[in-house]
Amino acid sequence: MRHSRNQSHFSAALLAGAIALAIGVGLPHRAEAADFRGVSVEVVGDGTPVLMIPGLNSGMDTWRDTCSALQPQVQCHLVQLPGFAGQPAVEEEAYLEGMRDRLLGYVDSANLEQPVVVGHSLGGVVAMQMAIARPEAVGKLVVVDALPYLGAAQNPAATAEQVNRTAGQMRAAMEAADDASYMAQLIGMLPTQTRTVERLGTLEEWARASDRAVTTQALYEVMTTDLRAEVGRIEAPTLVLASWAGYAPLGATPETVRGGFEAQYAALDGVQIEMSADGYHFLMWDDPQWLRQHVREFVGAAPDTAAR
């Protein structure tokens, strides 16, 4: 794929999307969250099991509205990853792989038979890793605004050495920054992540409640993890929901955004890629009806109008 100025704008915005945060509104009936090896999981409803993973610095409420909209046909397993949004950090040499293994362990412990796994941003990377590591454990896969190799979004020809060097410099700068500068960087990116402005105040709270060391390491790993070839091992039917509207102010077009996603998912046979013209990185808030329709159809959870 030829590298272009528009693609550079698109990838720069997507990189910023890795530092996105999230909140949501509550369901009428909320189960108590249970801890599994440092991961908090809240189970809501009955029906088809759907494991819902939020992104970097995000809370489980990222997915709460979507879960509510899918009732009563699904059983949501809302995940809170350690180190983010107030959840205590855990010791992990490799954060992404550690979360992959903990969530696969939860699937086994909860006796979930081929659940649908839904992940946003960093959570989408973890979801892909789960389906790669144990293809038989995942029934269907939904990835929301995440790429198999974020580090090569700007330049598809970039070598691992180049990406690792850039990511290492970024990590070092984040570690060296004073607290005020570090937080200002996170907070300054929030308006580019969602057009639902009434959430921005609470998003700042989520940022301040996240563990700085975990955030820095996890972002480094998202940038340097290359799953482009490995996604070919995924057996689960896969739906990728992407935004291009968030990158339009930077000069991106639907064609450049789609081209970037298609190139990175090229090894995954049968992948379905859909793009929102209205939502920014947090598509579950900014274009909720569009996202819910695609997830509902993909999961097979038709709306229960009688229940509403």
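Ala277 touches Trp244 and Ala245, leaving out residues up to four places away in sequence. Ala277 is found in the loop between β8 (272-276) and α10 (283-286), and with a relative accessible area of 45% it counts as partly exposed. This is a predicted model, so please read every value below as computed from it. The protein chain holds 11 helices and eight strands, and the points below walk through two loops, a strand residue, a helix and a pocket.

**The loops around Ala277 and Gly246**

- Ala277 and Ala248 sit 29 residues apart in sequence, and their C-alpha atoms are 9.3 Å apart in space.
- Gly246 has its place in the loop between β7 (238-243) and α9 (254-264).
- Because its relative accessible area is 16%, under the 20% cut-off, Gly246 counts as buried.
- Not counting residues up to four places away in sequence, Gly246 touches Gly279 and Tyr280.
- Gly246 and Arg195 are 51 residues apart along the chain, with 8.7 Å between their C-alpha atoms.

**His120 in its strand**

- Strand β5 (residues 116-120) contains His120.
- His120 has 0% relative accessibility, so this residue counts as buried.
- Setting aside neighbours within four places in sequence, the contacts of His120 include Ile53, Pro54 and Gly55, along with Thr62 and Trp63.
- Val144, His281, Phe282 and Met284 are also among the residues in contact with His120.

**Helix α3**

- Helix α3 covers residues 95-109, and its 15 residues should span 21 Å at 1.5 Å a residue; the end C-alpha atoms are 21 Å apart, which agrees.
- If you count intervals rather than residues, the expected value follows, because the span is 1.5 Å times one less than the number of residues.
- This helix is mostly covered, with 11 of its 15 residues buried.
- The buried residues of α3 include Tyr95, Leu96, Gly98, Met99 and Arg100 in its earlier part.
- Arg102, Leu103, Leu104, Gly105, Tyr106 and Val107 are buried in α3 as well.
- Strands β1 (34-36), β2 (39-44), β3 (48-53) and β4 (74-80) are among the elements that the buried residues of α3 pack against.
- Helices α4 (122-133) and α8 are also packed against by the buried residues of α3.
- Just after α3, Asn111 takes a positive phi of about 55°.

**The second largest pocket**

- The volume of the second largest pocket is about 160 Å³.
- Its lining consists of Val90, Glu91, Glu92, Tyr95, Asp211, Ala213, Val214 and Gln217.
- Helix α8 (residues 212-224) gives the most to this lining, with three residues.
- By character, the lining residues of the second largest pocket divide into four nonpolar, one polar and three charged.
- Tyr95 links two of these topics: this residue is one of the buried residues of α3, and it also lines the second largest pocket.

**The chain as a whole**

- Of the 308 residues of the protein chain, 57% count as buried.
- Among contacts between residues at least 6 apart in sequence, 79% join residues at least 24 apart.
- The protein chain has an accessible surface of about 12400 Å², and 49% of that belongs to carbon and sulfur atoms.

Technical notes
Residues are numbered from 1 along each chain as its sequence is written. This is a predicted model: local features need pLDDT of at least 70, side-chain atom pairs count only at pLDDT 80 or more; totals for chains, interfaces and linings use all residues. Side-chain values use heavy atoms; hydrogens and water are left out. On a 1 Å grid over the protein atoms alone, a cavity is a set of points where a 1.4 Å probe fits but cannot get out, and a pocket is an open set with protein on both sides within 12 Å along at least five of seven lines; lining residues have an atom within 4 Å of a point. Grid points are joined across faces, edges and corners, and a volume is the space filled by probe spheres set on the points. Helices (H or I, at least four residues) and strands (E, at least two) are DSSP runs, numbered from the N terminus. Ala, Val, Leu, Ile, Met, Phe, Trp, Tyr, Cys and Pro count as nonpolar, Asp, Glu, Lys and Arg as charged, and the others, Gly among them, as polar. Buried means under 20% relative accessible area, exposed over 50%, partly exposed in between (1.4 Å probe, protein chains only). Contact means heavy atoms within 4.5 Å. Accessible areas come from the Shrake-Rupley method with a 1.4 Å probe; for residues, only the protein chains shown count as cover.
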